[in-house]
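Please read the sequence alongside the model, and keep both in view while following the paragraphs below.

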Amino acid sequence: MSAQQATGGPVAVAIGRRPEPVHTVAVYAFDGMTPFELGVVVEVFGLDRPELAGLLTAPWYALRVCSDRPGTPLEAVGGFSITARYGLDELAAADTVIVVGVPDVFGGEVPPGLVAALRRAHRRGARTVSICGGAFALAAAGLLDHRTATTHWRYARLLQQRHPLVEVDPDVLYVDDGDVLTSADSAAGIDLCLHLVRRDHGAKVANAVARRFVVPPHRDGGQAQFIEAAVGPVEEEGDGIARSMRWALDHLSGPLTVPLLARQARMSDRSYLRHFTARNGTSPMRWVVAQRIAASLPLLESPGGTVEEIAAAVGFESAATFRHHFGRTMRTSPTAYRRAFGRGVA
């Protein structure tokens with residue numbers, strides 16, 4: 001019987017050498033948490049991986065779910081409880097420490113025990129990781145000072161205000177800064193966990209784990225892909241600015257210029273520019289580009305139509321212009337967006 005068969009899982013055996021130590025991953029659980037992000041960490045690092053037989057050259061991870069009160073049930077959103085077996089000492093002793101959130105992003109203090117455990121782990125040389133609001137815990141511990149980090153786009157401004165030494169990038173899915181890594185919201189946590197597997201075990205292993213998740217091994221772009229791109233419906237008001245905006249939405253496929261829009265509003269060009277910018281916080285043509293990008297998304301998500309045809313349908317002069325503006329707005333290409341979100345596109 002092989003060593004793998006005897007243990008029921010993949011192992012690393014080297015004749016004449018000691019077996020490699022198992023890499024421990026600790027994740028922080030707390031009262032009031034949403035279980036999805038914790039589930040992502042458990043799914044990636046806590047499951048047996050028989051499908052990796054023959055691919056691993058080092059042992060798989062050992063997962064520890066930790067809390068301030070080990071053995072005490074923690075209430076989770078959805079009406080059930082989670083009991084963590086391990087405490088903060090085990091968290092501080094792990095090789096990788098993951099914080100998937102904090103009890104209260106907007107008003108509450110980060111638990112001081114968690115802050116102290118993160119600092120201890122970091123001093124030991126542990127890899128510290130956050131998903132979504134967990135970045136607030138890393139920041140409270142001082143681990144993000146003078147580093148680039150990310151969090152959910154809804155919390156980015158608050159994180160920057162509360163921790164001005166952190167360089168917050170709200171557009172990316174995750175940031176790898178060596179021993180400290182941060183990600184955006186739940187789905188981006190999958191991206192970051194797969195990235196950790198790729199760093200530790202290589203692309204083939206990460207791809208196999210991604211296949212079990214039924215997700216792409218790596219996604220292009222950033223959070224901009226998942227923020228509602230449309231400025232939103234134009235308010236039903238009788239003033240000229242609103243009238244010009246409604247007209248523009250009905251004529252996106254044709255040429256749109258400031259003089260054309262100003263004519264619909266019955267204003268001079270200069271007056272129209274001033275009033276439009278004051279009302280919407282952006283210039284008329286930037287708004288038009290945003291609406292054209294938003295109109296292109298459902299077309300890219302459908303299987304029909306080339307990028308060139310979609311560019312023309314939403315009013316861009318050329319596919320090159322479309323790709324330029326799409327890339328600046330969505331932080332990915334039209335083709336990559338279609339590959340990720342297209343319905344009926346393999």
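The text below goes from the sheet to the core, then to the aromatic pairs, the cysteines and two backbone angles.

The model is predicted. A good place to begin is the sheet. Its 6 strands follow the order β2-β1-β5-β6-β10-β9, the sheet is open, and the pairing is mixed. Because β2 (62-66) and β9 (174-176) each have a single partner strand, they stand at the edges, and one side of each is left without a neighbour in the sheet. From one strand to the next, the twist averages 15°.

Within this order, β5 and β6 can be followed residue by residue. Strand β5 covers residues 96-99 and strand β6 residues 127-131; the two run parallel and are joined by 4 bridges. V97 has T128 as its bridge partner in β6. Helix α2, residues 35-45, packs on the sheet and touches β1 (24-28), β2, β5 and β6. The direction of helix α2 makes about 160° with that of β2.

Next comes the nonpolar interior. Which residues of the largest nonpolar core touch the most other members? They are V41, F45, L91, I98, L118 and V197, out of 75 residues in that core. Helix α7, residues 186-201, supplies the largest share of the core, with 7 residues. V41 and F45 fall within the residue range of helix α2, and I98 within that of strand β5.

V197 falls within the range of helix α7. Leaving aside neighbours within four places in sequence, V197 is in contact with V44, F45, W60, Y61, G202, V205, A206 and V209. Two of these partners, F45 and Y61, return below as a ring pair.

The loop between α2 and β2 holds L55. Is L55 buried, partly exposed or exposed? Its relative accessible area is 33%, so L55 counts as partly exposed, a class that lies between the limits of 20% and 50%. Apart from neighbours within four places in sequence, L55 is in contact with K204, V205 and A208. V205 is also among the contacts of V197. L55 and G202 are 147 residues apart along the chain, yet their C-alpha atoms are separated by 9.3 Å.

The aromatic rings add another set of links. A pair of aromatic rings is described by the distance of the centres and the angle of the planes. A search of the whole structure gives 10 aromatic pairs. One of them joins F45 and Y61: the ring centres are 4.9 Å apart and the planes stand at 90°, so the pair is edge-to-face. Since F45 lies in helix α2 and Y61 in the loop between α2 and β2, the pair ties together parts that are 16 residues apart in sequence. Both residues are buried, F45 with a relative accessible area of 1% and Y61 with 8%.

F326 and Y337 form an aromatic pair that is likewise edge-to-face, with 5.8 Å from centre to centre and 75° between the planes. F326 belongs to helix α14 (residues 319-330) and Y337 to helix α15 (residues 334-341), and this pair links parts of the chain 11 residues apart. F326 counts as buried at 0% relative accessibility, as does Y337 at 3%. Ring pairs also link F326 and Y337 with F316 and F322 into a cluster.

Turning to the cysteines, how many disulfides does a search of the whole structure find? The search finds 0. C66 counts as buried because its relative accessibility is 0%, and C193 counts as buried because its value is 2%. C66 is within the range of strand β2, and C193 within that of helix α7.

A further cysteine leads to the backbone angles. Most residues other than glycine have a negative phi, and most peptide bonds are trans. C132, although not a glycine, has a positive phi of about 55°. C132 is found in the loop between β6 and α5 (135-140), and at 7% relative accessibility it counts as buried. H146 is not a glycine either, and its phi is positive at about 60°. H146 lies in the loop between α5 and β7 (148-149). Is H146 buried or exposed? With a relative accessible area of 68%, H146 is exposed, whereas C132 is buried.

Technical notes:
Residues are numbered from 1 along each chain as its sequence is written. This is a predicted model: local features need pLDDT of at least 70, side-chain atom pairs count only at pLDDT 80 or more; totals for chains, interfaces and linings use all residues. Side-chain values use heavy atoms; hydrogens and water are left out. A disulfide is a pair of cysteine sulfur atoms within 2.5 Å. Buried means under 20% relative accessible area, exposed over 50%, partly exposed in between (1.4 Å probe, protein chains only). Two strands pair if DSSP finds at least two bridges between them. Axes are lines fitted to C-alpha atoms, for helices over the stretch in contact, and angles run from 0 to 180 degrees between N-to-C directions. Contact means heavy atoms within 4.5 Å. A nonpolar core is a set of buried Ala, Val, Leu, Ile, Met, Phe, Trp, Tyr and Cys residues joined through side-chain atoms within 4.5 Å. Rings of Phe, Tyr and Trp (its six-membered ring) pair if their centres lie within 6.5 Å; planes under 30 degrees apart count as stacked, over 60 as edge-to-face and the rest as tilted.
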